[in-house]
Amino acid sequence: MTLKLDSDDFELFAIDRRFGQSRPVLDARWRSLQAEVHPDRFAAQGGAAKRVAMQWAMRVNEAYERLKDPLKRAAYLCELNGAPISAEENTAMPSGFLVQQLEWRESLEEAATHEQLRTLAEEVGSRREAALERLERLLDVDRDYPAAAQEVRVLMFIERFAHDVERRLEALEQ
Amino acid sequence: MTSSGASRRWNNNAMALLQISEPGGAPDPHQRRIAVGIDLGTTHSLVAAVRNGIAECLPDDSGKVILPSVVRYLAGGRREIGRSALAEAANDAANTILSAKRFMGRGLSDIEGRERLPYDFVDAPGMVQFRTADGVKSPVEVSAEILAKLRQRAEDTFADDLFGAVITVPAYFDEAQRQATKDAARLANLNVLRLISEPTAAAIAYGLENGSEGLYAIYDLGGGTFDISLLRLTRGVFEVVATGGDSALGGDDFDAALAAWALREAGLSAETPQDKRAVLVAARATKEKLSAHDHAELACPLSNGELSARVTRDRFESIVQPLVDRTMAAIGKVMRDAKARKSEVNGVVLVGGSTRVPMIQAAVGRYFGQAPLTNLNPDEVVALGAAIQANALAGNAGADEMLLLDVIPLSLGLETMGGLVERIIPRNSTIPTARAQDFTTFTDGQTAMSIHVLQGERELVADCRSLGRFELRGIPPMVAGAARIRVSFEVDADGLLSVSAREQTSNVEASISVKPSYGLSDDDIARMLTDSFSSAEQDMVERSLRESRVDAERMVLATRSALDADGDLLSATERAAIEALMAGVDGLRESTDHHAIDAAVEALAKGTEAFAAERMNRGIRRALSGRRVEDV
């Protein structure tokens, strides 16, 4: 097998093309790959080797960023399998989820204490865990990529909201 | 302190693979490149180098490794640097510049508490300057004096020219501050191999000495800057996981807070430059005494009376508590960014003179639930780590004993409609990295788009630092929203950003290498060089020739060993082409035209690009097949 800069992330890291992945394996692969391709490894060699190394090091970092983040990994798998996320064009959400979104926004606006924010963060966290479990089943068992893409869009909302809760917590601590 | 006390020896048992040795194909020892690590600190600076496999700080004539970061300007172009300048700091306060690092890449309005400082500031565009007896000086020029002094020390030590230097900067320095540091190095005629973060340098020296593995927090509180970095150490790979801090918080602020308190208590004020400096010097001495004693006197004569106060350690601690709290908040932020739990941290290393304050050791220990490691000299460890990295980047060390994977400390983004910032590369992304994002036009028939590059964490353009602007012109007229403009950000291994924009349907392209608006122009540098370091020109020509010859030699050797190792990847024709290019370089061995040598080397570089790519492939396959057993 010849690896190229445009090999997909899974080929590059020599792992199965699936959602379920072991983070320690990803981390170890990333370090071994960087140990081979990082431009500093070619400090004593000429410009050609360093230029090639720079491209590869960027490519390896790009793949690692995508693989280690479950949301990005899921979106990437959907795309590879012909079900792009296209979040801008697909704004329809399950109605139950929309109601929950509104409730969360309200709770965030009303939350005044550290305690209340923590409770909200935990609730969002467990909703996120549930979404990830569903994604793993849709991608690795059912191979239903359009349904997985829909779940990814839901997860994008959850993560954005989790981020807003974090920001509030940060602001409160300062 | 002696130079041998400053040395660090590898721990051979724990990390055999980290042993520094001359690789088989390296050039002969006469061509070993001399590369140093420089810790350009707010309060003091050091230079270190790897000699015989050992990193050590280089002492001056009197055996001292520490150079106070102080420059005193005298009339007629004379100047004093270091200890002698520091001795006159209170007598000649306006002409004696301390802590120049705090002003690097900063405008006058950025400097908090400037009214308490004894300088005659000039509000120059971009960066603040100082009016001295020898004219107006920029912080870049002051820093260049210090760097030149250390370069001289190293050249005297080795009786040879330097190939280059790794200079450390606070992890939290932004692009403007980093660019200012690079400009200072250029003024000092130093070839910068890399700027690396101070906590990262400390981790290299610490990790190599102790054979450490796992997650380490480096708390670095210097004279003027604070950094907190979280690094993962794995078999010689130093991976920065997250970094944070405050580039305007350090021991100087402790002194200023204590001085302000003492003046208030005594009902006095410091009006003259002499008074302002004297009270800061006295406060610093008192702070240092309080590290070992329960109470101390703060006393100094001022022009409007005698300042005298008794300070208990409790009192001092309550005065500086808000500053310590700021560092603790930064730790919390870095732990959140890294998604790391306190219990996962294997060790906490303290760096920087200000970590001698017992209250800080206690606060850090309490936060992490473990006593911080203090078994290394907090003043020297940064320079030692920089020296180790410099040795590797000069190509002296074996190619695989260590690897540094650094991150960008602050997010990079673009201005979008409504003065908002769209983040393209988030902070703590591992470099080198490339990201692209698509934008579109806002009005019908729009043919140009302005690209404004920003750095910082805030949502509004006005709250971030502007790094540069450029325009993409010649977009074919289309209805609003139809154009697809892909903006690509690339950050190389040095952390330098370049940005390009391309309209996808028409392939119109524009790009810049970002140089912050606060950086000096090439003309500025040229002027400063002729102003103060005019003898350098002839040296530069000779030096270029020597460098070109060494580069040529190395390139041929590297190609030869690549052919030996992986020549089977080439066809006979391909191999012959490479051999011919090598002969071309070899033929210029005696030439005195460094441009000709450089051109032949570049031709060889270009001609071996495809071969390099093939070899890279083989390396990656090796990484994936050979190291499976190491996977968890």
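Me: Before the interface is read in this predicted model, what counts as a contact between two residues?

Reply: Two residues are in contact if their C-beta atoms, placed from the backbone, lie within 7 Å. Here the contact draws 42 residues from chain B and 35 residues from chain A.

Me: Which elements of chain B give two or more residues to the side that touches chain A?

Reply: Among them are helix H7 (313-338), strand S22 (433-439), helix H11 (536-566) and helix H14 (609-626) of chain B. H14(B) supplies the largest share, 11 residues. By residue class, this side of chain B divides into 23 nonpolar, eight polar and 11 charged.

Me: How should the strand order of a sheet be read, and which order does the open sheet of four strands in chain B have?

Reply: Strands of a sheet pair through backbone hydrogen bonds, in either a parallel or an antiparallel sense. In chain B the order is S21-S20-S23-S24, and the pairing is antiparallel. Strands S21 (420-425) and S24 (465-472) of chain B each have a single partner strand, so one side of each is left without a neighbour in the sheet. Neighbouring strands are turned by 30° against each other on average, direction ignored.

Me: How many bridges join S20 (residues 412-416) of chain B to S21(B)?

Reply: The two strands pair over five bridges. Within S21(B), Ile425(B) is the residue opposite Leu412(B).

Me: Is Ala371(B) buried or exposed?

Reply: A residue is exposed if 12 or fewer other C-beta atoms lie within 10 Å of its own. Ala371(B) counts as exposed because it has 12 such neighbours. Ala371(B) lies in the loop between helix H8 (358-368) and helix H9 (381-393) of chain B.

Key. Residues numbered from 1 in each chain as written. Chains lettered and ligands numbered in written order. Predicted model: local features only at pLDDT ≥ 70, side-chain atom pairs only at ≥ 80, totals over all residues. Pairing = 2+ DSSP bridges. Axes fitted to C-alpha atoms, helices over the stretch in contact; angles between N-to-C directions. Buried ≥ 20, exposed ≤ 12 C-beta atoms within 10 Å, placed from the backbone. Nonpolar A, V, L, I, M, F, W, Y, C, P; charged D, E, K, R; others polar.
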